[in-house]
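Please open the structure in your viewer and keep the sequence panel visible. The stops below are meant to be selected one after another.

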Amino acid sequence: MVTQGTSGSSLNETPSGERVHIAFFGLRNAGKSSLVNAVTGQDIALVSDVKGTTTDPVRKAMELLPLGPVVIIDTPGLDDVGTLGELRVKRAMNVLAGCDVAVLVHDASCEFADSERELLRLFQERKLPYIIANNKADLVSVRDDDSFYVSALTGENVNALKEKIASLAKTHRTEKRLIADKLTPGDVVVLVIPIDKAAPKGRLILPQQQVIRDVLDSRCSAFVCQDTELANVLRHVRPRMVVTDSQIFGKVDAIVPKNILLTSFSILFARYKGNLRSLVSGAEKLSRLKDGDKVLVSEGCTHHRQCGDIGTEKIPEWIRNFTRSEPEFSFTSGGEFPGVSELKDFALIVHCGGCMLNEQEMHSRLERAESAGVPVVNYGVAIALMHGILQRSLEPFEEL
């Protein structure tokens with residue numbers, strides 16, 4: 001059974017970064033798109049007998065039982081040809097970075113190709129859970145007992161494939177909490193959320209929503225206010241912790257008593273994605289930036305840039321003031337992130353909290369940076385360091 005949620009920004013929807021990302025790979029005409037449609041029960045992917053019908057990765061957020069919220073990704077054929085074909089193959093391979101489970105769709109009536117073997121090698125190298133789905137089983141009279149056969153045309157073993165995908169995903173993903181493991185039932189948490197011109201009208205941004213929900217799931221209380229009301233709130237409640245938007249870290253630090261824990265949404269997300277320690281290590285490079293050093297500011301989402309934008313305006317200005325130098329800034333957003341060879345030109349990467357990226361994608365970006373020898377720091381850690389409160393912002397996390 002497959003159900004699909006409503007479109008839009010409903011608070012009840014599971015964010016893309018929290019969904020299991022399942023990618024289907026294979027050669028042209030192996031039946032990837034047909035199998036995607038069979039697994040989902042929907043016509044997500046365009047199907048044709050003409051090779052190369054799928055020209056870009058096609059993503060669909062949905063509910064896939066027995067697994068739950070997922071993102072299904074249909075990729076271009078690995079054997080696409082020509083200049084455009086090479087670009088399509090590159091985009092298909094880029095999907096690997098943010099993929100939780102891979103399905104290699106192989107035409108059961110054909111021999112394995114070198115490109116399929118290379119893909120299997122990459123799965124194993126990345127320790128990525130995968131399954132080989134030998135498609136077009138209806139065309140095969142002799143089968144290998146050790147292989148898994150499926151037919152998108154007849155539906156043979158499609159349900160079994162879904163069960164196998166679900167099993168791999170549950171084995172691969174670990175249960176993590178944003179803030180709950182730092183709280184005791186009955187605790188009070190104050191969330192400081194500035195409402196400025198960059199705030200989306202009529203709603204909270206994703207990190208704020210998710211932290212509020214985790215606090216409530218912990219049987220704790222969440223008080224939400226702007227920085228202008230924070231002092232008054234603290235006269236009436238004694239919170240276990242204050243969590244603030246990183247942009248106003250300095251202002252909030254001056255208001256919150258030192259015996260109350262203080263951190264930011266961005267730092268919580270860095271820990272949640274499993275990379276806070278490395279991002280704290282990367283912060284050291286900020287103090288050593290000099291004129292002409294190239295700094296990449298990268299965000300995992302895309303949004304309309306406004307005057308006073310944190311990524312393109314505030315972060316660069318804070319860095320200039322902190323380092324008293326003139327680095328050279330570059331910017332990326334959404335799924336755009338350089339490869340290892342392009343990253344080698346940079347002295348530092350400053351990344352957002354990554355709330356729109358899944359853990360696999362964030363780890364892939366950090367691994368690329370490490371391979372290029374480039375340190376990475378995220379917004380929250382960088383801002384805390386530049387305001388002289390990094391140590392305080394990390395106090396809630398004894399494991400560091």
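The tour visits one asparagine and its surroundings, then several salt bridges.

This is a predicted model, in which local features need pLDDT of at least 70 and side-chain atom pairs count only at pLDDT 80 or more, while totals for chains, interfaces and linings use all residues. Residues are numbered from 1 along each chain as its sequence is written, and side-chain values use heavy atoms, with hydrogens and water left out.

**Stop 1: Asn-358**

Select Asn-358, found in the loop between strand E13 (348–351) and helix H12 (359–372). Helices (H or I, at least four residues) and strands (E, at least two) are DSSP runs, numbered from the N terminus. Asn-358 has a relative accessible area of 3%, so it is buried; buried means under 20% relative accessible area, exposed over 50%, and partly exposed in between (1.4 Å probe, protein chains only).

Now add His-21, whose side chain makes a polar contact with the side chain of Asn-358 at 3.4 Å. A polar contact is a pair of N or O atoms within 3.5 Å; within protein, one must be able to donate a hydrogen and the other to accept it, and residues adjacent in sequence count only if both atoms are side-chain atoms. Next show Glu-361: its backbone nitrogen lies 2.9 Å from a polar atom of the Asn-358 side chain.

Leaving aside residues up to four places away in sequence, Asn-358 touches Gly-17, His-21, Gly-98, Asp-100 and Lys-273. Contact here means heavy atoms within 4.5 Å.

**Stop 2: Asp-114 and Arg-117**

The whole structure holds 18 salt bridges, each a side-chain nitrogen of Lys or Arg within 4 Å of a carboxyl oxygen of Asp or Glu. In one of them, the closest N and O atoms of Asp-114 and Arg-117 are 3.2 Å apart. Both residues lie in helix H3 (residues 114–125), three residues apart, about one turn of the helix. Asp-114 is exposed at 62%, and Arg-117 is partly exposed at 46%.

**Stop 3: Arg-143 and Glu-156**

Select Arg-143 and Glu-156, whose side chains meet in a salt bridge (2.7 Å, N to O). Both sit in the loop between strand E6 (130–135) and helix H4 (158–172), so the pair ties together parts that are 13 residues apart in sequence.

**Stop 4: Asp-214 and Arg-177**

How far apart are the closest N and O atoms of Asp-214 and Arg-177? They are 2.8 Å apart, in a salt bridge. The pair links distant parts of the chain, 37 residues apart: Asp-214 is in helix H5 (residues 206–217) and Arg-177 in the loop between H4 and strand E7 (188–192). Asp-214 is buried at 8%, whereas Arg-177 is partly exposed at 32%.
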